[in-house]
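Open the structure in a viewer and keep the sequence panel beside it. The tour below goes from one selection to the next and says what is found at each stop.

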Amino acid sequence: MKSLKVIGNKNLNGTIRISGAKNSAVALIPGTLLASGVTTLCNIPNILDIDALEDTLNYLNVKVTRASGSIMIDTTNLENKEIPYELSKRLRASYYFMAILLARFNHMEMAMPGGCEIGTRPIDQTLKAFRLLGAEIIERDEKIIIKADKLIGNTINLDMPSVGATINSILVAVKANGKTIITNAALEPEITDLCLMLNKMGAKISGYGTKEIEIEGVESLDGTNHDIISDRIEAGTYTMIGALCGTHIKIDNIIPEHIKSLTDTLSLMGAHIDIHDDYLIIDNQNTLKSMEIKTDYYPGFPTDLQQPFTALLTQCEGISQMSENIYENRFMNVPYLNRMGAHIDAIGRTATIYGPTKLAGCEVIATDLRAGASLLVAALVADGETTIKEINHLLRGYEEIVEKLTNVGAKIEIEEI
Ligand code: EPZ
């Protein structure tokens with residue numbers, strides 16, 4: 001089992017380059033299976049979630065060639081096979097294979113998808129979309145079977161702008177007969193990235209990035225080349241680290257608009273940030289004031305930054321409030337932050353953070369991906385040594401975390417126990 005050992009309270013200085021977006025990559029990689037032939041994706045992060053997807057592609061007899069930062073996917077020999085729990089449990093995005101295999105073969109079987117345990121995470125909206133497009137769904141013994149005689153375009157009105165349901169609807173609708181309209185669609189940039197790739201392959205999708213997406217189904221798609229966008233959650237996490245520990249930190253290779261809710265919030269709290277076309281500079285010269293934050297769908301404050309931001313709020317002057325509106329169980333990091341010396345009361349979906357508090361290193365556990373990021377932020381600002389256990393959660397989503405932080409002066413290493 002791997003742990004991360006961090007010696008905190010160091011001044012950080014230098015450049016951190018942001019990698020390709022995990023949540024884009026995990027949708028675009030399955031998305032390539034809609035095309036016949038070869039697709040090359042660049043700016044792919046080297047993280048455990050991509051390894052998990054590669055294993056699923058290999059299992060489906062898809063040829064995968066990975067080089068530094070890129071992945072070449074040859075779907076010529078794609079086979080329709082039942083995806084077992086050992087593969088589907090490894091990440092939430094496994095459920096994009098439901099849509100892919102349904103669209104390609106009109107039939108799919110797989111064990112229920114896994115992912116971080118941060119709430120119940122139902123998939124009713126995805127299943128509703130599949131049904132509206134003509135599929136029949138059988139749920140049996142933790143397994144799901146989906147089949148259709150014919151997939152036919154329809155209007156899909158999502159009850160909430162779910163990222164996964166929007167993506168799954170798109171993946172099926174691009175090959176369904178006729179026109180599909182998705183209303184109340186999610187606006188996340190990763191969805192736009194997926195639509196741009198699919199359109200390059202020959203799909204006819206418009207309206208992405210708005211609440212109404214229109215898709216005209218096509219017979220077939222061809223392979224293409226595509227660069228995925230940079231990771232806004234990784235960018236946001238390092239921006240917070242810069243605001244707490246940076247004497248001068250450059251966060252490079254970012255799309256500033258994608259993290260505007262974060263940079264606006266930090267600016268209102270008094271942080272010193274200079275934002276440029278594809279990078280920002282941040283430091284810890286200004287004392288940060290408390291803030292009330294509510295997570296929301298994009299372009300609101302992202303739930304995926306809530307846990308690291310809660311760690312940052314422990315260092316701010318005054319009483320802050322963090323309300324988690326997307327997931328019901330995303331404060332698993334709080335007991336560990338309190339163990340480090342924070343004063344946080346988390347009741348229901350709201351955490352009240354009394355700051356500033358001095359943090360001290362100790363042993364903590366990364367219960368999920370962003371909880372790991374939260375503990376990392378805390379460890380970097382804490383006195384002494386913190387050991388973050390079970391960091392495979394963290395390595396699922398952050399590329400070269402040790403190298404990136406060591407380069408700017410952090411004392412951090414992975415220990416194999
Ligand atoms: C994606 O999850 C991301 N994962 C999550 O990132 C992210 O937190 C989330 O979007 C919200 O931004 C990937 O892209 C792989 P949703 P997803 O469907 O698609 C409810 C991270 O840390 N809902 O938009 O699963 C659901 O319970 C991860 O990188 C239903 O009720 O999220 C949740 O409360 C974690 N029924 C809310 O909607 C449904 O059918 C948003 O879920 C679908 C969702």
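## Starting at helix α3

Select Leu87, which is placed in helix α3, residues 85–88. Bear in mind throughout that the model is predicted. Is Leu87 buried or exposed? Leu87 has a relative accessible area of 10%, and the cut-off for buried is under 20%, so Leu87 counts as buried.

Now show what surrounds this residue. Apart from neighbours within four places in sequence, Leu87 is in contact with Asp55, Thr56, Tyr59 and Ser94. For a sense of scale, add Thr263 to the selection and draw a line between the two C-alpha atoms. Leu87 and Thr263 are 37 Å apart in space, C-alpha to C-alpha, and 176 residues apart in sequence.

## The ligand

Next, select the ligand and centre the view on it. The ligand sits in the largest pocket. Which residues come nearest to the ligand? There are 23 residues around the ligand, and those that come nearest are Ser162, Val163, Asp304, Ile326 and Arg370.

Three polar approaches can be shown as dashed lines, each ending at an oxygen atom of the ligand:

- Tyr95: a polar side-chain atom of this residue is 3.4 Å from a ligand oxygen atom.
- Arg121: here too a polar side-chain atom is found, 3.4 Å from an oxygen atom of the ligand.
- Gly164: in this case a backbone N or O atom lies 2.8 Å from an oxygen atom of the ligand.

How much of the ligand does the protein bury? On its own the ligand exposes 820 Å², and the protein buries 91% of that area.

## The helices around the ligand

Keep the ligand visible and colour four helices: α1 (22–31), α5 (124–132), α6 (163–173) and α12 (369–381). Each of them supplies at least two residues of the shell around the ligand. Which helix gives the most to that shell? The answer is α1, with three residues.

Stay with α1 and turn on its side chains. Nine of its 10 residues are buried, so α1 is largely enclosed by the rest of the structure. To mark the buried residues of α1, select Lys22, Ser24, Ala25, Val26, Ala27, Leu28, Ile29, Pro30 and Gly31.

## Two asparagines and a serine

Move to Asn43, in the loop between β3 (38–42) and α2 (48–59). Asn43 has a positive phi of about 65°, although it is not a glycine. Its relative accessible area is 27%, so Asn43 is partly exposed.

Then select Asn253, in the loop between β14 (246–252) and α9 (260–268). Asn253 is not a glycine either, and its phi is positive, at about 65°. With a relative accessible area of 18%, Asn253 is buried.

Add Ser230, which has its place in the loop between β13 (225–227) and α8 (232–245). Ser230 counts as buried, at 7% relative accessibility. What does the side chain of Ser230 reach? It reaches the backbone oxygen of Asn253, at 3.0 Å.

Ser230 also ties this stop together, as it touches both Asn43 and Asn253. Leaving out residues up to four places away in sequence, the others that Ser230 touches are Ile18, Ser19, Gly20, Ala21, Ile254 and Ile255.

## Two cis peptide bonds

Show the backbone as sticks and go to Pro299, in the loop between β17 (292–294) and α10 (306–313). The peptide bond from Tyr298 to Pro299 is cis, and its omega is near 10°.

Next is Pro356, in the loop between β20 (350–355) and β21 (363–365). The peptide bond that leads from Gly355 to Pro356 is also cis, with omega near -5°.

## Last stop: strand β7

Finish at Ile138, a residue of strand β7, which covers residues 136–140. Ile138 counts as partly exposed, with a relative accessibility of 24%. Which residues does Ile138 touch, not counting those up to four places away in sequence? They are Lys143, Ile144, Ile145 and Lys147. For a final distance, pick Lys179, 41 residues from Ile138 along the chain. The C-alpha atoms of Ile138 and Lys179 are separated by 26 Å.

Conventions:
Residues are numbered from 1 along each chain as its sequence is written. This is a predicted model: local features need pLDDT of at least 70, side-chain atom pairs count only at pLDDT 80 or more; totals for chains, interfaces and linings use all residues. Side-chain values use heavy atoms; hydrogens and water are left out. Buried means under 20% relative accessible area, exposed over 50%, partly exposed in between (1.4 Å probe, protein chains only). Contact means heavy atoms within 4.5 Å. A residue is near a molecule or strand if one of its heavy atoms lies within 4 Å of it. A polar contact is a pair of N or O atoms within 3.5 Å; within protein, one must be able to donate a hydrogen and the other to accept it, and residues adjacent in sequence count only if both atoms are side-chain atoms. Accessible areas come from the Shrake-Rupley method with a 1.4 Å probe; for residues, only the protein chains shown count as cover. On a 1 Å grid over the protein atoms alone, a cavity is a set of points where a 1.4 Å probe fits but cannot get out, and a pocket is an open set with protein on both sides within 12 Å along at least five of seven lines; lining residues have an atom within 4 Å of a point. A molecule sits in a cavity or pocket if more than half of its atoms lie within 2 Å of its grid points.
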